[in-house]
Amino acid sequence: MSRRPLRSRLALALTTVALATGLVACSTGSGADDLGLAAAPSEEPTEEPTSGPTAPPVECDDALASYEPFETQPAPDELPAGSTMAEIRERGALVVGVSGDTLLMSARNPETGVIEGFDIDILREISRAIFDDPDRLQLRVITSAQRLEVLESGEVDLVARTFTITCTRWESIAFSAEYLHAGQKVLVAEGSPAQGLEDLAGQRVCAPQATTTLSRLEEYPVEAVAAPTHSQCLALFQQGRVDAITGDDTILAGFAAQDPYAVVVGEAISDEPYGIGVPAENVDMVRFVNGVLEELVADGTWQELYETWLGVLGPAPEPPTPVYGREP
Amino acid sequence: MTSPTPALPVPQAPPQPGAPAPGPVPQGAVVAAPQPAPSARRIADSATRVTRLSLAATVACLLAALLGFLGAQQQAGGMSRAADGADRVLAVMELRQALLEADGAATNAFLVGGLEPLDRRERYDEAIERASVLVVELSQDAGRDAQLIAGLNTDLATYTSLVEAARVNNRQGFPVGAAYLDQASTLVREQMLVDLDTVLEMAADDAAGAFRAGGWAALVLAAVVVGAVVLVLVQVRLAAMTRRRLNAGLVVATLLLVVAFVGGAMVSLRAAEHAADVRTDVYRPTLAVAQSAVLAAEARTLESFTLIKRGSGAPYEALFVERTTAAADLLDRERQPGQRLSALLEDWLVGHAEIRALDDGGDWEEAVELAVTDDEGGPSAAYAAFAEAADVTVAEGAAQVRAEVGGAGSDARRAAWLTAAAGLLGAVVAWRGTAARREEYR
């Protein structure tokens, strides 16, 4: 036997081994393969628009001026044909944007699950005026930041959510006449010497995103902290992550009622005239709502509601005097 | 066998490849130059050659023993790491699901309003307890994910305290309770689940790496086959030199390597194949089911949010659809347990569609009523049925992975010892079997 065939034999054997090696069930693939991962990364809904400070405020002289009520307020069964109100009645429900967590104004009662408060009761009266039934409300819980967009898109008929009437907002929506007058104040921990925002230099003050409340903080030497909702501010305050909360006295009163160690201090630093938001094109609806508001004041319902919900702020003041004269 | 090689004059063959192969050196030396005392020289050469051949045979056996042993041991170690890794992957998934279940129970209880129903409270407590145990378990053999798991431990404590704050406030009728619940849920979704995803990827990669240890079977095979080939070659050369047909020692050594081939290399190969099959046929389907259960648990929380965000839940519904579609796709891919689970998932989705129809139709109260009822035939019961069935499937799958991959590991370990024993014995027999031939040339 010569060397050659031997060598070939060895080569053949090695080839066989190499082949076998290739055939070995070598389990390949990464962890991601095992997990079958090809799915899209999960994303949570960004429910808040991430808009920074909005465009400079529009100036005007007559922010409070709304559309005059009808000469005679139509009864529920006599709504003018083709009007927004008739459409709503036809539909069977008044769709409204409200808060779910602004105690006293519009908050879900954890005991019953029912959303209740001053704003809700005003809306119930409007429902009564359309349907002769206060319970035809279809509530949509929205954040402060969503107030304009749900009106602009026509998703809701009305927004009653501690909604300050401003010239800027009149640019894209319409408001009823003022139905409640609030003012921005500060909530601090009990025992704090601070009597207002000017005493809180360098401290962290919380306000909800996209509100007039937050933009006003820029005028003070404080560190503004924006939260998705006003109630989140209270949670942050209780966790010591902010030193104070600023907001309308109506809202802060609701916070003080939830926390015995929180007090509302000082004089109001602003006037916050609340109006009911209406899509800009529904002028008839604005007139109709203004008619309802006048009736509520006239028959004493307004005072009654104030005392029921906002009695903690003191005795009921005079209801705001409606201003009209705006032309569509 | 490849005979038609040109019949060259014998000399100047290129150097032989392979280390311990019998060297052709002596022959080359013979032709190289006229030697002064050819016969004495020749005897000395032959002695060296015989010694080299027997050394080659012995070393081949030793190497087969050593490499076969190491390869199969590596493989066995890999298999047991794969079983552990698979367990860890499933534990991470279980933790994910426990967190989602706790959060789902907490948010769903919030939807009910009033005093938290006892059974939901219990469900929450049970899920949190499971999560705590799992975090501790995961931290015990944490590696590069140790920091993430420590973070999860802290987050879990924060989470439970936020839920407590939500509860205390809720009980007093304070809406700030909802804000705490929101914080808690956000912590789970935006922090804890994200961290867990990273931990999961690490665990899955580790398991995948361990499964790849099946490749060591190739080394076992190569070591034994090369050993046997060398033995055969040595015998052929020795037979040519000594004109004796068979060397008993080498024959026995060869037979021993055949034993190592059958009982070692082949077993090791089969074990590797088996583990690879378990990976594709059991491990992956089990992961798919576990993952679909996790997606469904997440969707369940999202369902509650579509209602809690009363009228503003559209983005949550979009996510619900995304998660449940992904879950259904995963189940569809796995035929075996998938079909039954797909049907159960579908039942729940039908119930969910009813909830959405009510809510979208403006009847929020009725929608909530349907969402929170525990009545048989309700969406909650349908979800529970799916989750339970998925749990059972995952538990069975996990047990099967552990048993079968563990079994493959034991097989590989046995193969390691058998190869080592056969190889060592072969080395001894080969050395001693060639002793007489070495004596002859001394």
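Two strands pair if DSSP finds at least two bridges between them. In this predicted model, strand β2 and strand β3 (residues 106–108) of chain A meet that condition, pairing in the antiparallel sense over two bridges, and A:Asp101 stands opposite A:Ala107 in β3(A). The pair belongs to an open sheet of three strands in chain A, ordered β2-β3-β4 with antiparallel pairing; its edge strands, each of which pairs on one side only, are β2 (101–102) and β4 (115–116) of chain A.

Most residues other than glycine have a negative phi. Two residues of chain A that are not glycine have a positive phi in this model, and the table places each of them.

| Residue | Phi | Loop in chain A | C-beta neighbours inside 10 Å |
|---|---|---|---|
| A:Leu104 | near 85° | between β2 and β3 | 23 |
| A:Thr162 | about 35° | between β6 (158–159) and α6 (167–170) | 26 |

A residue is buried if 20 or more other C-beta atoms lie within 10 Å of its own, so A:Leu104, with 23 such neighbours, counts as buried, and A:Thr162, with 26, counts as buried too.

In chain B, the axes of helix α3 (residues 118–140) and helix α4 (residues 146–171) come within 9 Å and cross at roughly 160°, which makes α3(B) roughly antiparallel to α4(B). The crossing of these two helices is left-handed. On the α3(B) side the contact includes B:Ile128, B:Ala131 and B:Val135, and on the α4(B) side B:Ile149, B:Leu152 and B:Leu156 are among the residues met. The residues of this contact divide into eight nonpolar, four polar and no charged.

Conventions:
Residues are numbered from 1 along each chain as its sequence is written. Chains are lettered from A and ligands numbered from 1 in the order in which they are written. This is a predicted model: local features need pLDDT of at least 70, side-chain atom pairs count only at pLDDT 80 or more; totals for chains, interfaces and linings use all residues. Axes are lines fitted to C-alpha atoms, for helices over the stretch in contact, and angles run from 0 to 180 degrees between N-to-C directions. Helices (H or I, at least four residues) and strands (E, at least two) are DSSP runs, numbered from the N terminus. Angles under 35 degrees count as roughly parallel, over 145 as roughly antiparallel, 65 to 115 as roughly perpendicular and the rest as oblique. A crossing is left-handed if the near helix is turned anticlockwise from the far one by less than a right angle, and right-handed if clockwise. Two residues are in contact if their C-beta atoms, placed from the backbone, lie within 7 Å. Ala, Val, Leu, Ile, Met, Phe, Trp, Tyr, Cys and Pro count as nonpolar, Asp, Glu, Lys and Arg as charged, and the others, Gly among them, as polar. A residue is buried if 20 or more other C-beta atoms lie within 10 Å of its own, exposed if 12 or fewer, and partly exposed in between; C-beta atoms are placed from the backbone.
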